[in-house]
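Student: I should like a close look at the salt bridges of this structure. Please take the pairs in turn and say where each partner lies.

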Amino acid sequence: MRIKLKSFRKLYPVQILALFFVVVIIIGSFLLSLPISNNSGISTNYLDALFTATSATSVTGLVILDTGTYWSSFGTTIILLLIQIGGLGIMSFTTFGVLKYGNKISLYTSLLMKEALNVDELQGMSRMMRYVIIFVMVTELLGMILFSFVFVPKYGLSHGLYVSLFTSISAFCNAGFDIFGNFSSLTSYYNNAYVLIVCMILIILGGIGFSIITEFINYRYTRKISVTTKIVLIVTLFLIIVGALLYFIFEYDNPLTFQNMSLGEKILNSFFSSVSPRTAGFNSIDLANIRSGTVFLTCILMLIGGSPGSTAGGIKTSTVGVIILTIYHYMRNKNRTIVLGKEIPSKTINKAFILTFVALFFISTFVILISIADKGASFRSIVFEVFSAFNTVGLSFGLTPELNSIGKILLILAMYLGRVGTLTLIFAFTNTHDGPKKSNAIKYPEVKITVG
């Protein structure tokens, strides 16, 4: 056992993070393929089981088989566990074990946590993870209690509580899975402000970032809010408000979505439609009927995603904030990016642009490959599905169940890449485990290249 542990410790944190999700997906897909996992009592096609396990572990929410009707109680419980594991990652469960046995967290484990939560500092990692575990458990429990006031009267005590728990965890982990049946998501609750608001709060809390939550918990002691937190909060608020306004404008008179709603319902669903695409994957309206402008807006929100160190995917709000600030300063003919009296390092700026470019590159690649593999699918649906898969959202036009085997495998790869992170995966299996190395002391003559 010691030999195995030593061999395990030879792996870099980014490698363990990448392999962790592979192991969880394989175990989950095996369990979901068993006859006990579905209501028919026969084995599930392994590719369908693998797709479902990947979607749950990557907290995406894209499904081939209807979660509420196809899977048994055992199957939905496996999916729920995969969502929880995928949402919180390896380090939350490592911390849980450490807390249980009262051991201190080692430097190696702290490095793993740093990689899993995408934070820059090791200091206070143990305390931060304790806060994360407690916050997650309390929030998901409160979510279950709040949902139970609606779902228990409708489904009965035991099943109502289970539906409440499932929905709470799925919303907080930004997974988008539901067990309402018939691929309906929250469309039957489009006029229920209580359900949609509780769901939005859980989505926002899960996607805001654990490090930011910890900052607010510690604020009474530190009296300090970091620049990153301020950028994340400003960008998040801006996206929610502007996104809701644009949804309201685009869909206001659409007879297939908003037209027959009251003004209050239109506003409510505009805000829900603005919050959910940033990696949650729930929908309160029929997405197949939204207009082209709304499709484009939704793809942008899916690409941006949530905040760093959260359950959400996407390129992250802080990345967008850095890019916008850099463009703003460049347009003012300034060669440095300043925010709140502090300069953003060029390394951070480079990473922000590289992350965005790499994400768009992989999205474009998957769109092209699926278009070749499944020539019968509409380009509009393929683009939307790939944006949803790569950014771990889960919103769909209904194309996923219709894809052929190659198309499904490509979406599986897209979901995995989106959850682990493309740069993380590149660093994991190259010699750049800690990211790009610092340049050596050799200086080269500058060259002017015309761009633009």
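Tutor: The answer below goes through the salt bridges pair by pair and then turns to two other features.

The model is a predicted one. A search of the whole structure finds 3 salt bridges. In general terms, side chains of opposite charge can pair when their charged atoms come close.

Consider the pair formed by Asp48 and Lys408, whose side chains meet with an N to O distance of 3.5 Å. Asp48 belongs to helix α3, residues 46–57, and Lys408 to helix α17, residues 405–420, so this salt bridge ties together parts that are 360 residues apart in sequence. Asp48 and Lys408 are both buried.

Another salt bridge joins the side chains of Asp253 and Arg291, with 2.7 Å from N to O. This pair links distant parts of the chain, 38 residues apart. Asp253 sits in the loop between α11 (227–251) and α12 (263–275), while Arg291 sits in the loop between α12 and α13 (292–304). Asp253 has a relative accessible area of 41% and is therefore partly exposed, given that the class runs from 20% to 50%. Arg291, at 33% relative accessibility, likewise counts as partly exposed.

The remaining pair to describe is Arg336 with Glu343, in which the closest N and O atoms are 3.4 Å apart. Arg336 is partly exposed, its relative accessible area being 48%. Glu343 is also counted as partly exposed, at 45% relative accessibility.

Beyond the salt bridges, the surface carries a nonpolar patch made of Ile134, Val138, Leu141, Leu142, Ile145, Leu146, Phe149 and Tyr194. Together these residues have about 730 Å² of accessible area. Helix α7, residues 125–155, gives the most to the patch, contributing 7 residues. Val138 is found in helix α7, and with 43% relative accessibility Val138 counts as partly exposed.

Charged residues also appear in the second largest pocket, where the lining divides into 11 nonpolar, 12 polar and 3 charged residues. The lining comprises 26 residues, and those nearest the centre of the pocket are Phe183, Ser184, Ser185, Asn283 and Ser396. The space in this second largest pocket comes to about 460 Å³.

To return to the request, the Asp48 and Lys408 pair is buried, whereas Asp253 and Arg291 are partly exposed, as are Arg336 and Glu343.

Note on methods:
Residues numbered from 1 in each chain as written. Predicted model: local features only at pLDDT ≥ 70, side-chain atom pairs only at ≥ 80, totals over all residues. Heavy atoms only, no water. 1 Å grid on protein atoms, 1.4 Å probe; cavity = no way out; pocket = protein on both sides within 12 Å on 5 of 7 lines; lining within 4 Å. Points joined across faces, edges and corners; volume = space filled by probe spheres on them. Nonpolar A, V, L, I, M, F, W, Y, C, P; charged D, E, K, R; others polar. Salt bridge = Lys/Arg side-chain N within 4 Å of Asp/Glu carboxyl O. Helix = DSSP H or I, 4+ residues; strand = E, 2+ residues; numbered from the N terminus. Buried < 20%, exposed > 50% of the residue type's maximum accessible area, 1.4 Å probe, protein only. Patch = residues over 30% accessible without salt bridge, like charges linked within 9 Å, V, L, I, M, F, W, Y side chains within 5 Å. Areas by Shrake-Rupley, 256 points an atom, 1.4 Å probe, with all protein chains shown as cover.
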